[in-house]
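Trainee: I have some terms to check against the coordinates. Can we go through them one by one?

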Amino acid sequence: MTIQFPKGFLWGGAIAANQCEGAWNLDGKGMSVADVASYKPHVDVKDYKSQWHTGPEDIKIAMETQDDTYYPKRRGIDFYHHYKEDIALFGEMGFKTLRVSIAWTRIFPNGDEAEPNEAGLAYYEDLFKTLRAHNIEPLVTLSHYEMPLYLVNEFDGWVSREVVDMFVKFAKVCFDRYKDLVKYWLTFNEIDSVFRHPFTTVGVVEEKYENKDKAEEAIYQALHHQFVASALAVKYGHEIIPGSQIGCMVTKTLTYPETCNPEDIYLAQKDNRMNFFYTDVQVLGEYPLFIKQYFKKRNFDIKMIEGDAEILKLHTVDFISFSYYMSMVQSIHAAQREKVGGNLVTGVKNPYLPTSEWGWQVDPVGLRISLIDLYDRYHKPLWIVENGIGAYDKVEEDGSIQDDYRIEYFRNHFIEIAKAIDEGVECMGYTSWACIDIVSASTSQMSKRYGFIYVDADDLGNGTYERKKKKSFDWYKKVIETNGDYL
Ligand code: BG6
């Protein structure tokens, strides 16, 4: 098969404000949930929930210190001061697009202010202008794991309906200010991850709830509010920015059955169906029946006010974007099986797949399957906005970084994207995660590196922060230059 990507395919890379910017308390920025996420290198790689966990005591301790040593997201890679240099490097690689996010706390430090912070607005304006100067189309996520901490402490996060209005106000300010600079938007990063790390996504501190059931009910309530806020943002974006395209963003959590035992197949279907719930709401505009029934069976009282159903129905997304890192396996014998970690829930090991150094199963074919599954269900354009491999990179004596494993990872995934396109899938673009080394979202490690560009900083923030091209830099440049032919 000849590899063919469509003309105008949006090749590029992705980063998120809270993992790269640093400057956590400069120019009027407020504290976000990311600024209290501590460095967790020793948590079992299979224990994803603990990697993310931030309880009431952790918040208290974090708020009492200004130090950033054990709060690496406060430092990031100092993109806040290096963005011009970094964007020039992305331009050199030929990026057509860069996915970035706007830190809500730079615009509204606590979330509930009447007026936005001009310094924050000006920063992103210059960032987007710099991208345009390099012919890089910005793809902007409004909310990527960086809600104001104040809203967690004072409002119980997204459980409170008031947060919908505060977010919509933030979205409107961004659309108004950047309407001539940004055409592609995403509302919430990995909106399905609310149950995997509720604190970071919806500001729910589970310990505050009477029991697990009450916490689960609160998370569903918070999620409902995000769905409504997302739809209202889509509405306003469409009104104010002619030709804008606004997408949802989910984690593609593809699950295979361990065997052809119908019970295994059912379990896998159940997980996959749950993953579709989030896109069903944002693409089809309504809650699927199985979720409504689930609420009933569990006696969950999710408050949906008059008008919500209509908002969801009328303001659906233009495209579906997703992250894809791995696939999972379900089995009726899960309890007896060897487990693997990952950015999904801990699952059964797939004997056919290698794993990364963090135990994430590497499955390029799963990306093709995911693209086909999503396209066949929704018939909407797709955009892979995160995919990549976290690895310990070594700087050789001559200063080079020979990351052949990364090249191999990307090559295998790109081939599968091309195959999916060849099999009748509409795919708009691909942004690798993360195109430059940044702080890991789950463990806050700097040493878990994803980039084509190496950043000289270690887990505790020591280093020159100098940027170096890895071997994969030139390789990706050629891939983009040839629109995939170089594979
Ligand atoms: C995705 C997140 O789930 O996974 C990113 O959207 C994150 O923010 C990425 O960085 C990789 O995860 P990690 O924990 O290796 O940084």
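Trainee: What makes the pair of W433 and the ligand a polar contact?

Mentor: This is a predicted model, where local features need pLDDT of at least 70, side-chain atom pairs count only at pLDDT 80 or more, and totals for chains, interfaces and linings use all residues. Residues are numbered from 1 along each chain as its sequence is written, and side-chain values use heavy atoms, without hydrogens and water. A polar contact is a pair of N or O atoms within 3.5 Å. A polar side-chain atom of W433 lies 3.0 Å from a ligand oxygen, so the pair qualifies.

Trainee: Which distances do E190 and K448 show?

Mentor: A polar side-chain atom of E190 is 2.6 Å from an oxygen of the ligand. For K448, a side-chain N or O atom lies 2.7 Å from a ligand oxygen. The protein covers 99% of the 380 Å² of accessible area that the ligand has on its own (Shrake-Rupley method, 1.4 Å probe).

Trainee: How many residues surround the ligand, and which come nearest?

Mentor: There are 15 around the ligand, counted if a heavy atom lies within 4 Å. E190, A441, S442, K448 and Y450 come nearest.

Trainee: How does that shell divide?

Mentor: Six residues are nonpolar, six polar and three charged. Asp, Glu, Lys and Arg count as charged; Ala, Val, Leu, Ile, Met, Phe, Trp, Tyr, Cys and Pro as nonpolar; the others, Gly among them, as polar.

Key
A polar contact is a pair of N or O atoms within 3.5 Å; within protein, one must be able to donate a hydrogen and the other to accept it, and residues adjacent in sequence count only if both atoms are side-chain atoms.
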